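Biologist: I would like to learn how to read a model like this one, feature by feature. Could we go through it together?

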Amino acid sequence: DSNPPPRRGAANRSAVPSPASVNYSTVAEKPVRQVVSASDMPPADNENDDSEEKKEFDAFGCDAELVDMIKSTMLMKHPNVHWNDIAGLEEAKRLLTEAIVLPMAIPEFFTGIRRAWKGICMCGPPGTGKTLLAKAVATECNTTFFSVSSSSMASKYRGDSEKLVKLLFTMARFYAPSVIFFDEVDSACSHRGAEGEHEASRRFKSELLVQMDGCIDGTDKPVLVLAATNHPWLLDSALLRRMEKRIYIGLPDLAGRIAFLKSNFSEVKLAEDVDFETLAHELEGYSGSDIASICRDAALAPLRDYTKNLSLDECKAPDVTKFDLPLEMRHFRTAISRASPTSSPKDIEKYIKWMEEHGST
Ligand code: ADP
């Protein structure tokens, strides 16, 4: 047989479509590699893979414990969040598809001038869906996906964080194509020499920069870095340069808020007076996370009304359908009046200004 053996991560790729012609909801159906659980790392392409893996890690001189720790705490296993689970943010989904999902699915297309971005940073107010988007990227990519909490990297693994970053990238390269997601990246990568910066954090940052530089080397086995931050202005400028794409994840717009309400209440009994469009107008300025809390609060309001004058025994009566009363407009309005938006208009202005100067979409 003259056919060469399959290359790592090259499974099931056929003709290369142009990104513009790809419907990104179907990209996930072109799995490159599927990680099932921490103890079930990507299946070996051939029987030598175990020794290959051992050789690689031995060469690195790391202890198996650290490898296992990364596998068990940082490998994202089936987050099962799909683009459709995220209300609005259509532009962000499009950008992430083009910048990460497609390069993972068809790396041979993304070479030369079309090479994938080295790093992509999602910037924006808290609770706007950055982590959710990262989980959707992991689901849609269906490749090796490491998720790292930068704050625990900086605090919990202080002394080891530099070593850990190095090993993380070694593993990511080994299992490439892979994505490494750094949540709250500012907590470990603020300005160099910032007051109170710990020596370990400085070393962590330097190592991250070195590793990112080593990521894009013209091969078709990409290792991409995705990061999220609520404080982009705190980021180290050297890191910022390597985050070639900086995308803004903002508060949901009107259409996003309507979509959010519709998806949250698709299976809930609603009174006739409920009008999502009116409510969406009243929810202007609230983040996705704020709206999620308001929805949960409102959803319980009929039960609250009903049980107000009942004893616990009466509440425990067998027929729970009696609690399933229709949700009225006033229930939503009470929930809205009880919650304030997490970010003020002034906070949002600060993000917009920063994006105008540093954004790249
Ligand atoms: P961030 O990482 O930007 O701080 P998260 O992604 O952690 O925000 O979002 C927190 C929670 O808010 C999510 O678990 C989800 O319940 C809700 N949420 C935020 N934005 C959205 C959205 N666009 N669609 C659906 N849920 C959202």
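Modeller: Gladly! Let's begin with burial: a residue is buried if 20 or more other C-beta atoms lie within 10 Å of its own. By that count, buried residues make up 39% of the 361 residues in the protein chain. Keep in mind that this is a predicted model.

Biologist: What does the secondary structure of the protein chain come to?

Modeller: The chain has 14 helices and five strands. As for how its contacts are spread along the sequence, take those between residues at least 6 apart: 86% of them join residues at least 24 apart.

Biologist: Now helix packing. How should I read the angle at which H3 and H4 pack?

Modeller: An angle from 65 to 115 degrees counts as roughly perpendicular, under 35 as roughly parallel, over 145 as roughly antiparallel, and the rest as oblique. Helix H3 (residues 90–105) packs on H4 at about 40°, and the two axes are 10 Å apart. That makes H3 oblique to H4, and their crossing is right-handed. H3 brings Ala92, Leu96, Ile100, Val101 and Met104 to the contact, while H4 brings Leu133, Val137, Glu140 and Cys141. By class, these residues are eight nonpolar, no polar and one charged.

Biologist: And what is the relation of H2 and H6 to each other?

Modeller: The axes of helix H2 (residues 64–74) and H6 cross at roughly 75° and come within 10 Å. H2 and H6 are therefore roughly perpendicular to each other. On the H2 side you will find Leu66, Val67, Ile70 and Met74, which meet Leu164, Leu167, Leu168 and Met171 in H6. The contact of H2 with H6 has eight nonpolar residues, with no polar and no charged ones.

Biologist: Which residues in H11 meet H13, and at what angle do the helices pack?

Modeller: Helix H11 (residues 288–307) and helix H13 (residues 329–338) pack at about 135°, with axes 8 Å apart. That makes H11 oblique to H13, in a right-handed crossing. Ile294, Asp297, Ala298, Ala301 and Pro302 in H11 meet a set in H13 made up of His331, Phe332, Thr334, Ala335, Ile336 and Arg338. This contact has seven nonpolar, two polar and two charged residues.

Biologist: How would I check a single helix such as H14, and is H14 buried or in the open?

Modeller: Compare its span with what the residue count predicts. At 1.5 Å a residue, the 14 residues of helix H14 (residues 345–358) should span 20 Å, and the end C-alpha atoms are indeed 20 Å apart, which agrees. The number of buried residues among those 14 is one, so H14 lies largely in the open.

Biologist: What about the backbone: which features deserve a second look?

Modeller: The general idea is that most residues other than glycine have a negative phi, and most peptide bonds are trans. Asn142 is not a glycine, yet has a positive phi of about 60°. You will find Asn142 in the loop between helix H4 (130–141) and strand E2 (144–149), and it is buried, with 20 other C-beta atoms within 10 Å. Glu184 also has a positive phi, about 45°; it lies in the loop between E3 and helix H7 (199–213). With 22 C-beta neighbours inside 10 Å, Glu184 counts as buried.

Biologist: And where is the cis peptide bond?

Modeller: Look from Ala176 to Pro177, where omega is near 5°. Pro177 sits in the loop between helix H6 (161–174) and strand E3 (178–183).

Definitions and conventions
Residues are numbered from 1 along each chain as its sequence is written. This is a predicted model: local features need pLDDT of at least 70, side-chain atom pairs count only at pLDDT 80 or more; totals for chains, interfaces and linings use all residues. Axes are lines fitted to C-alpha atoms, for helices over the stretch in contact, and angles run from 0 to 180 degrees between N-to-C directions. Helices (H or I, at least four residues) and strands (E, at least two) are DSSP runs, numbered from the N terminus. A crossing is left-handed if the near helix is turned anticlockwise from the far one by less than a right angle, and right-handed if clockwise. Two residues are in contact if their C-beta atoms, placed from the backbone, lie within 7 Å. Ala, Val, Leu, Ile, Met, Phe, Trp, Tyr, Cys and Pro count as nonpolar, Asp, Glu, Lys and Arg as charged, and the others, Gly among them, as polar. The expected span of a helix is 1.5 Å times one less than its number of residues. A residue is buried if 20 or more other C-beta atoms lie within 10 Å of its own, exposed if 12 or fewer, and partly exposed in between; C-beta atoms are placed from the backbone.
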